[in-house]
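Let's walk through this structure together, from the overall picture down to a few individual residues. Keep the model open beside you as you read.

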Amino acid sequence: MDTRLSFSRYPLLVVLCAVTVLVGTRSPTAAAGRSCADTRQVYAEKGYGINTAPLTQISGEHLRLCPQDYTCCSSQMEETLALQSERDFLKAIEDNSQFLLTTFSQRHRRFDEFFRELIELSEKSMNQMFTKTYGRLFTQNAHVFQELFVELRRYYSGGSVSLTEVLSDFWSRLVERVFSLVNPQYHFSDDYLECVSKHAEQLQPFGDVPRKLRVQVSRAFIAARALSQGLATGRDIVNKATKLTADSECVRGLMRQWYCPLCRGLPSLRPCRSLCLNVMKGCLANQADLDNEWNNFIDALYQVSEKLEGPFNVELAADSISVKVSEAIMHMQENSVTISTKVFQGCGSPRPAQGRSKRSPKESGGNRRPFRTYSPEEKPTTAAGTNLDRLVTELKERLRPMHGFWVSLPHTTCNDEKLAADVTNEDRCWNGQTRGRYLPDVTGDGLVSQINNPEVEVDIARPDVRTRQLIMELRVVTNKLRHAQSGQDMDFMDSEEGSGSGGGDYGERYNDDWPGYGPYSPPYNKPPHTPASSPAKPPRVREKNGSKKNRKPGMVQSAAASPLTFSLVPLLSLPIMVTVAPMWR
């Protein structure tokens, strides 16, 4: 057959065959001769020397991480870029978690400054109020009030201090001082005053004020301390959880998605988003397992902060200490005759003071100005340049986006256009081998779900020990926060068995304590587990200045929580009591 005739009849077929032969025979040569200028430029911009970078593509048989096609990377370059991919990964995680770290650090500092200054202002308010009202008589007994605030600071700072014990001791010391002041015509020995304070629970010289103050202060301080400690724990957990070390399988995945395109001579090509997600989920498998306990922790922080601006308002609690103490002293002054008569019946007749005329308790207080309550404008309402409502509002705004952080971290990272291609470029992204669509499915969250991860081989049978420890830390702090929502302090629940710090008074609300409750004020109910009777408090070790040595928390129950164990009956109605009444002592 005439070749010219054949060519003239099938010109297109002949041309296509020729092109195919030519391309097939020259593609290796063409690939090997392709310039690596773009790769060398990017490599140099990262601060690396280009003396080991090929000028044109070479055979990739030496590559261990990237596809072994023609490449612009030497073995040394591949190793260097693998380390760079790990650094990029750690930097991305650090950047994406910076919001958490900054929030917890700043909020903890702000709340801590606020709470500490609030206690300071409360003490100053009391000193000014009582000095103005009671003058020298207050300054002579100021150490009683100072010790109360020392213990409140110690409790807030994390000390092993029982709030119920602190307040019970305060009222015991105060009743001794006030009883002596309203009866100046008598001399009272230390043993006699010990008898007075020991039975203050039955005398109730301050009325119901000690119980109401205990409930208000305990709940507010428990919540304040739990929130402050929770914020500090959150900061520490974020710090630990983001201090990662990428294992070899993770580094392999990171290198393949971020720098293998560079080695292929395609430095501007970004990994497909699904490829990026699989790599990130494999590298962050253990962190994703934090998510459930993390969400519980964030919820608990949010709820405690709401309590602080509502029924457990620490501003109102700190502000009311001086007012409540003033009311208590006024109550004892107004009822001094009745109280003194019962004390004399129970503890015996005191010895008259030398050089003083015998005046009745009512008369003896006639020359002194009574304590009085103060209007809100005379008391501090803010501290550390802010107020509680503003602090809580800012905190809640920052807590909301923290929910689900660890599960969403791979998505957050891959949403960065510098680290992965946009989802709209699924056909024009790096799929791990070349430019094109990434076909494998995106794996689930957490360690167990990585069993079928196509990009990162994860040993699901070996959970990370540090992550398990962080999960336990989250559970502990969350449990403490949840108890604080009920006014319970976990550190003293066993020892105090439902008293103020332990959180027994679930139903108590008072119109003058809590805002927003209107007329609702249910009666105080004794906890069902309170025993029918309780022994008198053990003797206190007294010092010259009247202060008491520290005791183990939980030894003394709240005055309000202890039931009456005996009745104060006038001596004339029961003659037999004449000889045994002094046994109070």
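pLDDT is the predictor's confidence in each residue, on a scale from 0 to 100. You will want that scale at hand, since what you see is a predicted model. The protein chain has an average pLDDT of 79, and 73% of its residues score at least 70. Confidence peaks in α13, at 97, and is lowest in helix α18 (residues 361-364), where the mean is 40. Over residues 1-30 the pLDDT is below 50, and this stretch has 3 contacts in the model beyond near neighbours in sequence. A second stretch, residues 494-585, also stays under 50. For residues 494-585 the model has 192 contacts beyond four places in sequence. Where pLDDT is low, the predicted coordinates should not be read in detail.

With that in mind, take in the whole chain. Its secondary structure comes to 22 helices and 2 strands. Of the 585 residues in the protein chain, 49% are buried. Take the contacts with a separation of 6 or more: 80% of them are between residues 24 or more positions apart.

Now to a pair of helices. Two packed helices are described by the angle between their axes and the distance between the axes. Helix α4 (residues 75-134) packs with helix α11 (residues 248-258) at an angle of about 100 degrees, and their axes lie 8 Å apart. Angles of 65 to 115 degrees count as roughly perpendicular, so α4 is roughly perpendicular to α11. Which residues in α4 and α11 meet? From α4 come Glu78, Leu81, Ala82, Ser85, Glu86, Asp88 and Phe89, while α11 brings Cys250, Val251, Leu254, Met255 and Trp258. By class, this contact of α4 with α11 has 8 nonpolar, 1 polar and 3 charged residues.

Cys250 leads us on to the disulfides. A disulfide is a covalent bond between the sulfur atoms of two cysteines, and the structure holds 7 disulfides. One of them joins Cys250 to Cys283, with 2.0 Å from S to S. The torsion about this S-S bond is 110 degrees, and the link of Cys250 and Cys283 is right-handed. It connects distant parts of the chain: Cys250 is in helix α11 and Cys283 in helix α13 (residues 273-283), 33 residues apart. How exposed are the two ends? Buried means under 20% relative accessible area, so Cys250 counts as buried at 3%, and Cys283 counts as buried at 15%.

Helix α13 takes part in another disulfide, the one that joins Cys276 to Cys414 at 2.1 Å from S to S. Because the torsion about the S-S bond of Cys276 and Cys414 is about -90 degrees, this disulfide is left-handed. Cys276 lies in helix α13 and Cys414 in helix α20 (residues 405-414), so the pair ties together parts that are 138 residues apart in sequence. Both Cys276 and Cys414 are buried.

Helix α20 also holds Ser408. Ser408 has a relative accessible area of 28%, so it is partly exposed. The C-alpha atoms of Ser408 and Ala288 are separated by 8.3 Å, although the two residues are 120 apart along the chain.

Back towards the start of the chain, a disulfide joins Cys36 to Cys72, with an S to S distance of 2.1 Å. The torsion about the S-S bond of Cys36 and Cys72 is about -85 degrees, so this disulfide is left-handed. Cys36 sits in the loop between α2 (11-32) and α3 (37-45), and Cys72 in the loop between α3 and α4, 36 residues apart. Both Cys36 and Cys72 are buried.

Our next stop is helix α8 (residues 190-198). Because 7 of its 9 residues are buried, α8 is largely enclosed by the rest of the structure. The buried residues of α8 are Tyr192, Leu193, Glu194, Cys195, Val196, Ser197 and Lys198. They pack against α7 (163-182), α9 and α17 (336-347).

From α9 we come to a backbone detail. Most residues other than glycine have a negative phi. Gln204, in contrast, has a positive phi, near 50 degrees. You will find Gln204 in the loop between α9 (200-203) and α10 (209-241). Its relative accessibility is 46%, so Gln204 counts as partly exposed.

Notes:
Residues are numbered from 1 along each chain as its sequence is written. This is a predicted model: local features need pLDDT of at least 70, side-chain atom pairs count only at pLDDT 80 or more; totals for chains, interfaces and linings use all residues. Side-chain values use heavy atoms; hydrogens and water are left out. Axes are lines fitted to C-alpha atoms, for helices over the stretch in contact, and angles run from 0 to 180 degrees between N-to-C directions. Helices (H or I, at least four residues) and strands (E, at least two) are DSSP runs, numbered from the N terminus. Angles under 35 degrees count as roughly parallel, over 145 as roughly antiparallel, 65 to 115 as roughly perpendicular and the rest as oblique. Contact means heavy atoms within 4.5 Å. Ala, Val, Leu, Ile, Met, Phe, Trp, Tyr, Cys and Pro count as nonpolar, Asp, Glu, Lys and Arg as charged, and the others, Gly among them, as polar. A disulfide is a pair of cysteine sulfur atoms within 2.5 Å. Buried means under 20% relative accessible area, exposed over 50%, partly exposed in between (1.4 Å probe, protein chains only).
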